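Thanks for coming, everyone. I have one model to walk through. Please take a look at it first.

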Amino acid sequence: MLRSAPPWTELAAAGALERWILPAECLGCREEVDGSIPDSLICGPCRNRWTALPFPVCPVCGQPLTPGIECRICADWPSGFEGVSSAFWLESGARRAVHLLKYEGWWRVAEAMASAMRRVVALPRNTTLVPIPLGPTRLRKRGYNQSAVLAAALGTIWGVPVEQRVLRRARETTTQTALTPEERRANLAGAFVSVGVVPGAVMLVDDVFTTGATLAEAAAALLRAGAPAVAGITFARAPRPLAEAAAALHPAPDTLGRRLA
């Protein structure tokens, strides 16, 4: 029977078999793993090349603030969605890690990704991790939900529960890759439904933050169902070159947009 993500015990068993069959080679640079990070598919030097997001960031959506440009990403987010944190820019090595996890079936890359993500957020007590679900068609095609695998790795590191059943897709959505932010919001409107209530705080988990539309819509569904508080975390965040270009044309050093809380 197809699962949305394999149990972490099965991943560990598969990893043991993988280590017996395959050489200790980094999937990022193809060099021999140096042993500084035992049993890793991504070597230490490759992890060090992942580019962390700069500060200051918007306290709600986590987007790095550009002088002279007010953060508009989270202006219409639901009340109660308390903020999103991302670990790295979606560039070069980080993009490679996402691709390995999402499209090439390398589940254990989630271990390296989760290990890096744990440093970007202080987890509230009584928090439950909830991965962003895939629709049935995409789940059958891919064979697993990369966000659920990532959540399982984070749950093991943090020692907190992961709940995959409380949130599901109410309908299939088209791929978002080529959509504008407005089209993404329309595409995702009503796409999620909460089928239960998680006691305590909820932390949504996804691999990449692009416009935040997916996380905001999922958070809205959980809040409507009675979740007391919802936040989010992603491994990577897509850069916003247009905002940076606009800041270069219209600098305003006396303002930082939305003030930090």
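**What surrounds helix H4**

Among the elements that cover the buried residues of H4 are helix H2 (44–48), strand E1 (81–89), helix H3 (92–103), helix H6 (146–158) and strand E6 (230–237). Keep in mind that this is a predicted model.

So how many residues of H4 are buried? H4 spans residues 109–117, and 8 of its 9 residues are buried. The list reads Val109, Ala110, Ala112, Met113, Ala114, Ser115, Ala116 and Met117.

Now the core. The largest nonpolar core holds 39 residues. Which of them touch the most other members? They are Ile42, Trp50, Val109, Met113 and Phe235. At least two residues of this core come from each of E1, H3, H4, H6, E5 and E6. H4 gives the largest share, with 7 residues.

Take isoleucine 42. Set aside its neighbours within four places in sequence. What is isoleucine 42 then in contact with? Val109 and Ala112 are on the list, and both are among the buried residues of H4. Trp50 and Leu100 are there too. The remaining contacts of isoleucine 42 are Cys26, Leu27, Gly28 and Arg47. Another core lies apart from the largest one; this second core has 28 residues, including Cys58, Cys61, Leu65 and Ala216.

On to the strands. Start with E2, residues 127–131. It is mostly covered, with 5 of its 5 residues buried. Which residues sit on which side of E2? Thr127, Leu129 and Pro131 are on one side, and Thr128 and Val130 are on the other. Both faces are covered.

E2 pairs with strand E5, residues 201–209, in the parallel sense, over 5 bridges. Two positions help you find the register. Valine 130 is opposite leucine 204 in E5. Proline 131 is opposite valine 205 in E5.

E5 itself is mostly covered, and 9 of its 9 residues are buried. E5 also runs parallel to E6, joined to it by 7 bridges. There, valine 202 stands opposite valine 230 in E6. How do you get from E5 to E6? Through helix H8, residues 213–224: E5, H8 and E6 make a β-α-β unit, and it is right-handed.

Last, some backbone details. First, a cis peptide bond. It runs from phenylalanine 55 to proline 56, with omega near 5 degrees. Where is proline 56? In the loop between H2 and E1.

Next, positive phi outside glycine. Arginine 30 has phi near 70 degrees. Arginine 30 sits in the loop between helix H1 (8–21) and H2. Its relative accessibility is 45%, so arginine 30 counts as partly exposed.

Serine 92 is not a glycine either, yet its phi is positive, about 30 degrees. This residue belongs to helix H3. Is serine 92 buried or exposed? Exposed, because its relative accessibility is 59%.

To recap. H4 is mostly covered and supplies the largest share of the largest nonpolar core. E5 pairs in parallel with E2 and runs parallel to E6. The cis bond leads into proline 56. Thanks, and over to you for questions.

Notes. Residues numbered from 1 in each chain as written. Predicted model: local features only at pLDDT ≥ 70, side-chain atom pairs only at ≥ 80, totals over all residues. Heavy atoms only, no water. Buried < 20%, exposed > 50% of the residue type's maximum accessible area, 1.4 Å probe, protein only. Helix = DSSP H or I, 4+ residues; strand = E, 2+ residues; numbered from the N terminus. Contact = heavy atoms within 4.5 Å. Pairing = 2+ DSSP bridges. Right-handed = clockwise from strand over helix to strand, strands pointing away. Core = buried A, V, L, I, M, F, W, Y, C linked by side-chain atoms within 4.5 Å.
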